[in-house]
Amino acid sequence: MLLSDAPDLPAFRAITPELVTPAIDTLLAENRAAIAALAAQDAPDWGSLPGKLEILEDRLSKAWALVSHLNAVTNSPAWREAYNNNLPKISAYYTELGQNAALYGSYERLAQSPAFAGFSAAQRQTVSNALRDFRLSGVALPEAQKQRFAAIEERLSALSSKFADNLLDATQAWQRPLAEAELAGIPDSHRALLAQLAEQRGHEGWMATLDFPAYLAVMMHADTRELRQTVYRAYVTRASDQGDKPEFDNSALMAEILELRHEQAQLLGYASYAELSLVPKMAESVDKVMAFLHELADRARPAAERDLAELKTFAAAELGITDLQPWDTTYVAEKLKQQKLNLSQEALRPYFPAPVVIAGLFSIAETLFGVSITEAEAEVWADGVTYYEIREHGELIAGFYLDPYARANKRGGAWMANCRSRRRLADGSLQLPVAFLTCNFNPPVDGKPALLTHDEVTTLFHEFGHGIHHMLTEVDISAVGGIHGVAWDAVELPSQFLEHWCAESEGLARMTKHIETGAPLPDDLLHSLLAAKNFQSGLMTLRQLEFALFDLRIHRQSPLSAVGIQRELDAVRAQVNLLPPPSWNRFQHSFSHIFAGGYAAGYYSYKWAEVLSTDAFSRFEEEGIFNPETGRSFRREILAKGGSQPALELFVAFRGREPKIDALLRHTGLTA
């Protein structure tokens, strides 16, 4: 199955861990043999070099995408072993490819050939990106330094995987039986989830775990303050020196990751890893990014101070909490929202059944982008996973798997991943893009549809935004189609853009229907929900800026020890966190985005792209949020072109000008 090049969708239940090593070994051997021939060309053309390399890359990437995906969503000792045993081989292969001087020479000759001027924009961008990536892989280094660079790449892959494994293991290792008295304040729907978790673990009664839906149920609703503190402490000390499982401590991994990234940057001639990371991004310099983050922090601080003062006053007057602590803030904010706006997540939940929300999401996408989305038959890897097809004028153009609910042995968080990419095949036909969309929402309980919070609805729209970027591309070259080749600080544009329909009355009307009565969202709840758009937005903005500043600071200096990392986080918190967490908080030990994901020295991208996404949405505010012409324009100028042109050029083509920060400030309530 992993070696199949058939256009059929994967037969997931036939893909077992035992198949991984033979398949990967075969693919790597075949690719290496083919690349040796490609690299020897004196006069390459598109078809004989990038075209041939794309074929090799596509087959390997499809196989490894399945392995990576199944390791994440059906994690088991066997899958983990198969993934970790082959990850170093994959890392070594790509480093070797990037350091292939003969292949680099062939690409240089192609770029300098008379034919290059006649290439399409996508072809030229592909060659330009390839030359850049060769240089960033150390192709021009002396041999000894090349070997060191390769060793670093392999080690970093292993460390990142181990970081993620430790976090998953630490998350799943903690559980706490709950007495009935401790359920005070927790709504029935959450009690049912906690009972289901207990049953799954062979216990009677109720169980608190660190899976996010269960964690949030306690932190948002539990009246018992000691329980909130206990669960909070377990959550923020996962995989750390302060946790109760020292074998999962990520401290040494973080320090080694920073050390190796810094060494890698210096090998390539950059002063820091932060400088290196910006080479393929929109942002021009680390200083400009820091200035951007500090400007936003200055803008957000007055609103955040008002937010915190309101929380403290309410906590003391209404709840008797005179010493507000981090394990109180989610609980107090929910109570304050109920009183101030007559709104609670629980009051909203019955109006957001998952099937209704999903249908509403599809309806919005269909209106904006001129497509149809329907469920289709396909083999899946777990109950609750569904496959969908996207069509235009009846013609199939893409597909995606939706895996929305939390379950055992599934990594936490939400993400979109590539199953296969769009590309033109040798016979002239198209390989259509297919995506994996993964979330970790409260699962259905007692045979009833899952009821989502508004935050979960927004998360679903966010990931689907990434999905349409991948699936609605019209570029036939996989290296710059969809999300591929897009500057990392622009890749969140479509995802954040689509979130806006979750905070518009016309959008909400398509995704809400009471689970029992079928009634639409009542006007009072609708008005409260819209009024809550910027509830506590000052504090939430500072929180995101804390993460972004911390990430950039630890990557723009000499390597730090675990103690030094903590010191740097403390320094950032002193600047921007108005309610500093306790000294034992170890947030950084679970910061997967930068230690096990692609956001190292790039977490700022969320705020950077938010400027783009809110400014893009402001055109819809001007022309109608369901204006099909505006939707088609966004599809044509942003989604369809993927990474085939620089992100700023595409934004200007859609918006008619360069981005402005005004819309972001207005949408987050930070306008003076």
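**Exercise 1. Place Leu402 in the fold and decide whether its side chain is buried or exposed.**

Step 1. Leu402 is found in strand β5, which runs over residues 395-405; the model in which it is seen here is a predicted one.

Step 2. The relative accessibility of Leu402 is 4%, and since buried means under 20% relative accessible area, Leu402 counts as buried.

Step 3. Setting aside residues up to four places away in sequence, Leu402 touches Ile358, Gly384, Val385, Thr386, Tyr388, Leu437 and Leu460.

Step 4. Ser583, by contrast, stands 181 residues from Leu402 in sequence, and the C-alpha atoms of the two are 39 Å apart in space.

**Exercise 2. Work out which residues of helix α19 are buried and where they sit around the axis.**

Step 1. Helix α19 covers residues 523-531, and its buried residues include Leu525, Leu526, Ser528 and Leu529.

Step 2. These buried residues lie on the same side of α19, because the arc they cover around the axis is only 165°.

Step 3. Asp523 and His527, on the other side of α19, are exposed.

Step 4. Among the elements that cover the buried residues of α19 are α13 (326-341), α14 (345-348), α16 (454-471) and α18 (505-508).

**Exercise 3. Take Ser528 from the same helix and describe its surroundings.**

Step 1. Ser528 belongs to helix α19 and has a relative accessible area of 9%, so it is buried under the 20% cut-off.

Step 2. When neighbours within four places in sequence are left out, Ser528 is in contact with Leu341, Asn342 and Leu343.

Step 3. Between Ser528 and Val385 there are 33 Å from C-alpha to C-alpha, with a separation of 143 residues in sequence, and Val385 is one of the residues that Leu402 touches.

**Exercise 4. Describe the chain as a whole, from its elements to its surface and charges.**

Step 1. The chain contains 26 helices and nine strands. Its radius of gyration is 25 Å, close to the 26 Å given by the globule rule for 672 residues, and the chain is therefore as compact as a globular protein of that length.

Step 2. The C-alpha trace spans about 80 × 55 × 55 Å along its principal axes, and 57% of the 672 residues are buried.

Step 3. Of the contacts between residues at least 6 apart in sequence, 73% join residues at least 24 apart.

Step 4. The accessible surface comes to about 26,600 Å², with 51% of it belonging to carbon and sulfur atoms.

Step 5. The chain carries 62 positive and 85 negative side chains, and the centres of these two sets lie 2 Å apart.

Notes:
Residues numbered from 1 in each chain as written. Predicted model: local features only at pLDDT ≥ 70, side-chain atom pairs only at ≥ 80, totals over all residues. Heavy atoms only, no water. Helix = DSSP H or I, 4+ residues; strand = E, 2+ residues; numbered from the N terminus. Rg over C-alpha atoms; globule rule 2.2 N^0.38 Å. Buried < 20%, exposed > 50% of the residue type's maximum accessible area, 1.4 Å probe, protein only. Contact = heavy atoms within 4.5 Å. Areas by Shrake-Rupley, 256 points an atom, 1.4 Å probe, with all protein chains shown as cover. Lys, Arg positive; Asp, Glu negative; His and termini not counted. Charge placed at Lys NZ, Arg CZ, Asp CG, Glu CD. Arc of directions from axis to C-beta.
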